[in-house]
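Got your viewer open and a selection tool ready? Let's walk through this one stop by stop, picking residues as we go.

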Amino acid sequence: QVQLVESGGGLVQAGGSLRLSCAASGSIFSINLMAWYRQAPGKQRELVTRISSGGSTEYAESVKGRFTISRDNAKNTVYLQMDSLKPEDTALYYCNLVQGEGGKSYDYWGQGTQVTVSS
């Protein structure tokens with residue numbers, strides 16, 4: 001079992017910044033993928049960005065150039081630096097970890113942290 005604990009959400013003005021953290025604990029393997037998803041009211045969950053244990057990253061076009069994902073493998077922690085925030089970034093942000101266990105893929109989720117951007 002893996003547990004994900006998120007922190008750093010809050011209320012900011014448009015143009016401001018926030019830094020989210022997600023600390024993973026439990027049976028974590030050295031090779032895995034960690035990601036941030038978000039879900040706004042009335043909308044489907046979407047992938048924001050993800051990073052491999054080797055440091056390869058992907059970003060949604062809507063956040064490219066504004067958000068930066070990073071990870072500290074020694075601490076099993078992933079970060080999301082969010083700059084130039086817009087009201088449309090308002091959502092519940094979820095941390096995600098995917099890894100192989102016994103030949104099968106397992107998907108773990110945090111409980112979410114709220115990010116609200118005011119105009």
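Where is the place of S84? Select it and follow the chain on both sides: S84 sits in the loop between β8 and β9. Keep in mind during the whole tour that this is a predicted model.

**Stop 1: two loop residues with a positive phi**

While S84 is selected, check its backbone. Its phi is positive, about 50 degrees, although S84 is not a glycine. S84 counts as partly exposed, because its relative accessibility is 42%.

Now jump to N76, in the loop between β7 and β8. N76 also isn't a glycine, and here too phi is positive at about 50 degrees. With a relative accessible area of 27%, N76 is partly exposed.

**Stop 2: the disulfide**

Next, select C22 and C95 and show their side chains. These two form a disulfide, with the sulfur atoms 2.1 Å apart. In general, a disulfide is a covalent bond between the sulfur atoms of two cysteines. The count for this model comes to one disulfide. Trace the chain from each end of the bond: C22 belongs to strand β3 (residues 18–26) and C95 to strand β9 (residues 91–101), so the pair links distant parts of the chain, 73 residues apart. Which way does the bond twist, left-handed or right-handed? The torsion about the S-S bond is about -85 degrees, so this disulfide is left-handed. If you switch on a surface, remember that C22 and C95 are both buried.

**Stop 3: a buried charge without a partner**

From C95, move over to E6, found in strand β1 (residues 2–7). E6 is buried, yet it has no salt bridge. Which side chain of opposite charge is nearest to E6? That would be R45, 10 Å away.

Look at the backbone around E6 instead. Its side chain reaches the backbone nitrogen of C95 at 2.3 Å. A polar atom of that side chain also lies 3.4 Å from the backbone nitrogen of T113. Leaving aside neighbours within four places in sequence, the contacts of E6 include C22, W36, Y94 and G112.

**Stop 4: next door on the strand**

Pick V5, also in strand β1. Buried or exposed? V5 counts as exposed, because its relative accessibility is 53%. Not counting residues up to four places away in sequence, V5 touches S21, C22 and A23. Draw a C-alpha to C-alpha distance from V5 to S21 and you should get 8.1 Å, for two residues 16 apart in sequence.

**Stop 5: the nonpolar core**

Now select L4, M34, W36, F67, V78, M82 and Y93 together. Of the 28 residues in the largest nonpolar core, these touch the most other members. Strands β1, β3, β4 (33–39), β5 (46–52), β7 (67–72), β8 (77–82), β9 and β11 (113–118) each supply at least two residues of this core.

Zoom in on M34. Beyond four places in sequence, its contacts include L4, C22, A24, I51, V78 and C95.

Then click A24, in strand β3. A24 is buried, with a relative accessible area of 9%. Setting aside residues within four places in sequence, A24 is in contact with Q3, L4, M34, N76 and L97.

**Stop 6: charged pairs**

Color the charged side chains for this one. Side chains of opposite charge can pair when their charged atoms come close. How many salt bridges does the count come to? Five.

Start at R38, which counts as buried, because its relative accessibility is 6%. R38 forms a salt bridge with E46, the closest N and O atoms being 2.7 Å apart. E46 is partly exposed, with a relative accessible area of 31%.

R38 has another partner, D89, with closest N and O atoms 3.0 Å apart. That pair links distant parts of the chain: D89 is in the loop between β8 and β9, while R38 is in strand β4, 51 residues apart. D89 is buried, and so is R38. Add R66 to the selection, and you have a network of salt bridges linking R38, E46, R66 and D89.

For a last pair, go to E61 and K64, whose side chains meet in a salt bridge at 2.6 Å, N to O. E61 is exposed, with a relative accessible area of 63%, while K64 counts as partly exposed at 46% relative accessibility.

Note on methods
Residues are numbered from 1 along each chain as its sequence is written. This is a predicted model: local features need pLDDT of at least 70, side-chain atom pairs count only at pLDDT 80 or more; totals for chains, interfaces and linings use all residues. Side-chain values use heavy atoms; hydrogens and water are left out. A disulfide is a pair of cysteine sulfur atoms within 2.5 Å. Helices (H or I, at least four residues) and strands (E, at least two) are DSSP runs, numbered from the N terminus. Buried means under 20% relative accessible area, exposed over 50%, partly exposed in between (1.4 Å probe, protein chains only). Lys and Arg count as positive and Asp and Glu as negative; His and the chain ends are not counted. A salt bridge is a side-chain nitrogen of Lys or Arg within 4 Å of a carboxyl oxygen of Asp or Glu. A polar contact is a pair of N or O atoms within 3.5 Å; within protein, one must be able to donate a hydrogen and the other to accept it, and residues adjacent in sequence count only if both atoms are side-chain atoms. Contact means heavy atoms within 4.5 Å. A nonpolar core is a set of buried Ala, Val, Leu, Ile, Met, Phe, Trp, Tyr and Cys residues joined through side-chain atoms within 4.5 Å.
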